[in-house]
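Visitor: Please take me slowly through one part of this model, the place where its chains come together. I would like the surroundings described first, and then the details residue by residue.

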Amino acid sequence: MHEASGEGDASYENLDLTGTECQRINQAAMDWALSVASTSAKTNYLSYGQTIVMGHDAIQENGGLWIYQPLTEKENTEKTVRTITGLALPLDEDHYISIFRDMHYCKLLSPFRALEIIYVDSQYAHGGYQTANELFLQ
Amino acid sequence: MQKNDLRADISDTDAHIKIGQAMATFIKDVVTTGKSSTNSETVAAMKPFIEAMIKEGSSVMKPPCNADDMVNPTVPTCIKGSSWINDFAVPLLVGKLQNSLISVINDDNFHPAAAVYPYHHPLLEGTCALNTTTECSIKHTSVTENAYNVLNELDTGIQAVAAYEMRTKMKSS
């Protein structure tokens, strides 16, 4: 796209191989979700929720495996941090199959999913579930 | 399903009072005016989720168009593509262009990522001169598939309602 905009010196390595291309889009989804979440949801997320971190892109070199391999959400041992890792498939202009040249595929975090994680999933690990006593009272 | 419930922000008693008040208001409105507007607290609580569903192009609202043609039709019965990809993903992939008069305009379209016939590839149309002194745009067409957890259909309250991933095919930056 930089080449199409007249930048003849555009570098594929600098623009598509930093391993942060999908990561920064996923971070934007999280930032957007935090910007629209309710005050109480943000308070719960910051007080009890797991911290959501965007990992460096995992790289896949095969289109079929890129479809099969998922975007990952992985918790640390203490379940305090959940790392979300996008999956990238960058393909350069010299790819041996012409129809696959100049591509950048990304497995992305949906903004809806980011909101769901803030409100719900991030809460489960540390005090978010109802206690057995609360369930009994219902 | 009950075991998957999160702890409420307000007490059980307060929740019952609020529900009772909302129901009484609803009945009074319907009986006296024939209609009832949505409770403002509900509007405020749901607003971010509705915005998020629209940005994702969630199949909770409508099915994806998934037409054979590369560019889906703009019709009221299905969702053409994701506005999140148009407004955030592609601009973030591209980053800053050297000439601020040049822009990339994206048109996202929902198609299954694994489909091989017809095969849907991202497209780039048009070029701009680096030293242009007038506004110039390049048209980019991306392809996205939202993937959903089929177990959500069981409504257990533990599976994601949102897409667990967006499979997006773009041209290289």
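**From a single glycine to the contact between the chains**

Guide: A useful place to begin is Gly34(B), which has a positive phi of about 85° and comes just after H1(B). The model is a predicted one, and what follows should be read as a description of that prediction. The helix before this glycine, H1(B), covers residues 12-33, and its end C-alpha atoms are 31 Å apart, which agrees with the 32 Å that 22 residues should span at 1.5 Å a residue. The number of buried residues in H1(B) is 0 of 22, so this helix lies largely in the open.

The rest of chain B gives the setting. Chain B has 3 helices and 4 strands, and their order from the N terminus is α-α-α-β-β-β-β, so named by assigning helices and strands as DSSP runs. The radius of gyration of chain B is 22 Å, whereas a compact globule of 173 residues would have one near 16 Å. Taken along the principal axes, the box filled by its C-alpha atoms is roughly 65 × 40 × 30 Å. Of the 173 residues in chain B, 29% are buried, and among its contacts with a separation of 6 or more, 61% are between residues 24 or more positions apart.

Chain A can be described in the same terms. It contains 7 helices and 4 strands, which follow one another from the N terminus as α-α-α-β-α-β-β-β-α-α-α. Its radius of gyration is 19 Å, well over the 14 Å from the globule rule for 138 residues, so chain A is more spread out than a compact globule. The C-alpha trace of chain A spans about 65 × 30 × 25 Å along its principal axes. In chain A, 39% of the 138 residues are buried, and 73% of the contacts between residues at least 6 apart in sequence join residues at least 24 apart.

Now to the part you asked about. Where the chains touch, 42 residues of chain A are in contact with 53 residues of chain B. On the chain B side, at least two residues each come from helix H2 (40-56), helix H3 (83-94), strand E1 (102-110), strand E3 (136-147) and strand E4 (165-171). Of these, H2(B) gives the most, with 8 residues. By type, the residues on this side of chain B are 30 nonpolar, 12 polar and 11 charged.

One of the elements just named, E4(B), also pairs with a strand of the other chain: E4 of chain A, residues 103-108, is joined to E4(B) by 6 bridges, and the two strands run antiparallel. Within this pairing, Met166(B) in E4(B) stands opposite Leu108(A).

Ser110(A) lies in the loop between E4 and helix H5 (111-119) of chain A. This serine counts as buried because 28 C-beta neighbours lie inside 10 Å, against a cut-off of 20 or more. Its contacts, leaving aside neighbours within four places in sequence, are with Ala29(A) in its own chain and with Glu56(B), Asn146(B), Ala162(B), Ala163(B) and Met166(B) in the other. Within chain A, the C-alpha atom of Ser110(A) is 7.7 Å from that of Asn26(A), although 84 residues separate the two along the chain.

Asn26(A) and Ala29(A) are both among the buried residues of H2(A), which also include Cys22(A), Ile25(A), Trp32(A) and Ala33(A). This helix, residues 21-36, has end C-alpha atoms 24 Å apart, which agrees with the 22 Å that its 16 residues should span at 1.5 Å a residue. Ala33(A) touches Ala52(B) as well as Pro111(A), Ala114(A), Leu115(A) and Ile118(A), not counting residues up to four places away in sequence.

In soluble globular proteins, nonpolar side chains tend to be buried together. In this model the largest nonpolar core has 49 residues, and those with the most contacts inside it are Ile25(A), Ala29(A), Ala33(A), Ala114(A), Leu115(A), Ile118(A) and Ala89(B).

Finally, on the other side of H2(A) in sequence, Thr18(A) is found in the loop between helix H1 (12-16) and H2 of chain A. Thr18(A) is partly exposed, with 15 other C-beta atoms within 10 Å. Its C-alpha atom is separated by 8.8 Å from that of Asp57(A), 39 residues away along the chain.

Methods:
Residues are numbered from 1 along each chain as its sequence is written. Chains are lettered from A and ligands numbered from 1 in the order in which they are written. This is a predicted model: local features need pLDDT of at least 70, side-chain atom pairs count only at pLDDT 80 or more; totals for chains, interfaces and linings use all residues. The radius of gyration is taken over C-alpha atoms; the globule rule is 2.2 Å times the number of residues to the power 0.38. A residue is buried if 20 or more other C-beta atoms lie within 10 Å of its own, exposed if 12 or fewer, and partly exposed in between; C-beta atoms are placed from the backbone. Two residues are in contact if their C-beta atoms, placed from the backbone, lie within 7 Å. The expected span of a helix is 1.5 Å times one less than its number of residues. Ala, Val, Leu, Ile, Met, Phe, Trp, Tyr, Cys and Pro count as nonpolar, Asp, Glu, Lys and Arg as charged, and the others, Gly among them, as polar. Two strands pair if DSSP finds at least two bridges between them. A nonpolar core is a set of buried Ala, Val, Leu, Ile, Met, Phe, Trp, Tyr and Cys residues joined through C-beta atoms within 7 Å.
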